[in-house]
Amino acid sequence: MAVVYFGGAPTSRISPRLRLSSLVAGLDEGRKEVFHSLAELGRELGFSIYLVGGSVRDALIGTQVLDLDFSVVGDGVAIGKRFAEQSEGKLTVYQQFGTATVVTPGCRVDLVTARREEYPTAGQLPQVTPGSIDDDLKRRDFTINAMAVRVWPEGGDFLDPLGGFNDLEAGVIRVLHGRSFVDDPTRMFRAVRYEQRLGFRIDDETQSLLSDAVSRGLMDSVSGDRWLHEVERILDEAEPGLVLLRAAELGLMSGLHPSLAKDGDIRALVDCGEVPQDPDEWLAGLFSPLTSAEGEELIQRLRLSGPRATLARDTIDLRNIEETAGELAERPSELYRILRPFAPQAIAARMKLTGDLSVRRALSRYLNELRFVRSSLTGDDLLEMGVPQGPLVGEILTQLRDARMDGRLLSREDERALARCLLAHSQEGATK
Ligand code: CTP
C-alpha cells in the first residue's frame with residue numbers, strides 16, 4: 001500500500017538555520033571528536049554520514065545533546081566497528097537491523113545503516129532493506145525526529161523533507177503518515193513522552209489516529225517486553241507522572257491492561273507534594289491500586305521479572321498489611337520485622353499514598369530510621385567475648401539490634417551486658 005506523507009515537500013532541504021559547524025561548536029570536546037572521527041571514517045570507507053533523529057531535534061531546541069544518533073548511507077556496522085577500535089569504546093552490533101552502538105567514556109553513539117522499513121504485520125518488527133537518507137527519514141516516528149544534518153561529505157547540509165522544523169517551532173508532535181501507529185503501536189507512548197517532555201501538543205490528526213489505533217485493539221499486537229521497554233523509558237523521564245496521566249487520558253494505559261484505567265495513585269503521587277525521585281516508585285504507583293489478580297495479569301502482560309516483579313507484588317501486598325504497621329508504632333522492632341521483606345520503593349510509594357497518618361508515620365520511620373539501625377557490637381566483638389562461631393552470633397546480633405531499636409539499650413556497655421546474658425542463657429539451655 002502506498003504511504004502518503006503528511007509533511008512538507010520531499011525535496012525541501014538545506015536550511016541556513018542549522019549548520020553542522022554551529023551545532024558541533026556547541027558540543028563538548030569528546031562529542032566534537034566523535035564528529036571528526038566519523039567524518040574521517042566516512043571519507044575512508046566512502047559512505048555518507050548524517051546526524052539524525054533526537055540529536056538534531058535537541059540541537060535545534062537548544063537542549064544538551066547527550067547521545068549521538070547517526071545514519072550511514074552504506075554500512076553503519078562497518079563504521080561502528082572501526083569507530084569502536086579507534087575510540088576504544090564498547091561495541092554492540094545488531095546485524096539483523098544493520099545498527100551498531102559504541103559507548104565511549106563520554107557518550108553513547110548509535111549508528112544505523114540508512115534503511116527502508118516495511119511492516120508486513122501490524123505491531124511486529126519491520127523488514128529492513130538498505131536505503132537512501134530520504135528513505136531513512138521517512139521510516140521514522142514523528143516529523144520532529146525526521147531531520148538530518150550531513151556530517152560527511154561536505155558537512156553542513158540540513159535535511160528536513162517532512163516539515164520537522166516547522167513542527168518544532170510550533171510545538172507539535174505529528175506522525176509522518178496515517179499508518180504510523182498501525183505499523184508500530186509503541187509510537188503512541190513515544191508521542192506522549194515527547195509531548196510531555198517538550199511541553200508540545202500532539203496534533204489533532206495524529207491524536208485521532210492514536211485513538212483509532214487504541215480502539216481497534218492494536219496495542220494487543222505488541223509483545224510485553226516491547227511495552228515494558230516503553231514503560232521503562234517513561235519512568236526515566238524527568239516527570240513520569242505527567243506522561244502516565246496523559247497516557248491514561250488517551251486510553252493507552254487501559255489499552256495496556258484494563259486495570260490501569262483508574263489513574264488514582266499516579267494522580268495522588270503527582271499531587272502529593274513529595275514527588276518520587278526514584279523511577280521504581282512510579283512503577284509501584286501503577287500497581288498500588290490493583291488487586292493481586294490484576295497485579296499478576298499486569299506482571300504477565302509486561303513480562304516483569306526479578307526485582308521489578310517483586311516490587312510490583314510487594315506494593316500490592318503491603319497495602320493489605322500496612323494497617324498493622326500503623327498499629328506497631330510503639331514496637332519498632334516488630335514494625336521492622338513486618339516491613340523488612342518489602343522493597344523500599346514499594347514502602348516509599350505507599351507512604352506517599354496512604355491517607356492514614358499513623359501508617360504514614362510508621363512507614364516513614366522504617367524507611368528513614370529503623371532499617372539503618374545496627375547494634376554497635378559486631379560479630380567479631382561477640383566472638384572475642386566467647387560466643388562460639390555459628391548461628392548464635394547472628395541470633396545475639398538480632399536481639400541487640402531489636403533492643404537498640406526499642407530503646408532498651410543505649411550504650412555499648414548495655415549491649416555487652418545483654419550479650420553476656422544471652423550467651424549464659426544459651427549455655428544453660430545447652431547443659432540442661
Ligand atoms: N524511531 C522511530 N520509531 C520508533 C523508535 C525510534 O522512528 N519506534 C526513530 C526516531 O527517529 C528516533 C530515533 O529512531 O529519533 C532514535 O530512537 P530513540 O533513541 O528511541 O529516540 P530519541 O529521540 O533519541 O529518544 P530520546 O530523546 O528519548 O533519547
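How far is an oxygen atom of the ligand from an N or O atom in the side chain of arginine 190? I looked this up first, keeping in mind that the model is predicted, and I found a distance of 2.9 Å.

I then turned to two further contacts of the ligand. For arginine 197 I noted 2.6 Å between an oxygen atom of the ligand and an N or O atom in the side chain, while for asparagine 145 the partner is a polar backbone atom, at 3.3 Å from a ligand oxygen. Taken alone the ligand exposes 580 Å², and I noted that the protein buries 77% of that.

Next I checked where the ligand sits, and I found that the space it takes is the largest pocket. The elements giving two or more residues to the shell around the ligand are α3 (54–61) and α8 (186–198), and of these I recorded α8 as giving the most, with six residues.

I also listed the surroundings by residue: 15 residues lie around the ligand, and Arg57, Asp141, Tyr194, Arg197 and Arg233 come nearest. By class, the shell divides into 10 charged residues, four polar and one nonpolar.

Last, I traced the sheet, which is open, has seven strands with mixed pairing, and runs in the order β3-β4-β5-β2-β1-β8-β9. I noted that β3 (90–94) and β9 (158–159) stand at the edges with a single partner strand each, so one side of each is left without a neighbour in the sheet. For β9 I looked up the pairing with β8 (residues 148–152), which is antiparallel over two bridges, and there I found valine 149 opposite phenylalanine 158 in β9.

Methods
Residues numbered from 1 in each chain as written. Predicted model: local features only at pLDDT ≥ 70, side-chain atom pairs only at ≥ 80, totals over all residues. Heavy atoms only, no water. Near = heavy atom within 4 Å. Polar contact = N/O pair within 3.5 Å; in protein donor to acceptor, adjacent residues only side chain to side chain. Areas by Shrake-Rupley, 256 points an atom, 1.4 Å probe, with all protein chains shown as cover. 1 Å grid on protein atoms, 1.4 Å probe; cavity = no way out; pocket = protein on both sides within 12 Å on 5 of 7 lines; lining within 4 Å. Sits in = over half its atoms within 2 Å of the grid points. Helix = DSSP H or I, 4+ residues; strand = E, 2+ residues; numbered from the N terminus. Nonpolar A, V, L, I, M, F, W, Y, C, P; charged D, E, K, R; others polar. Pairing = 2+ DSSP bridges.
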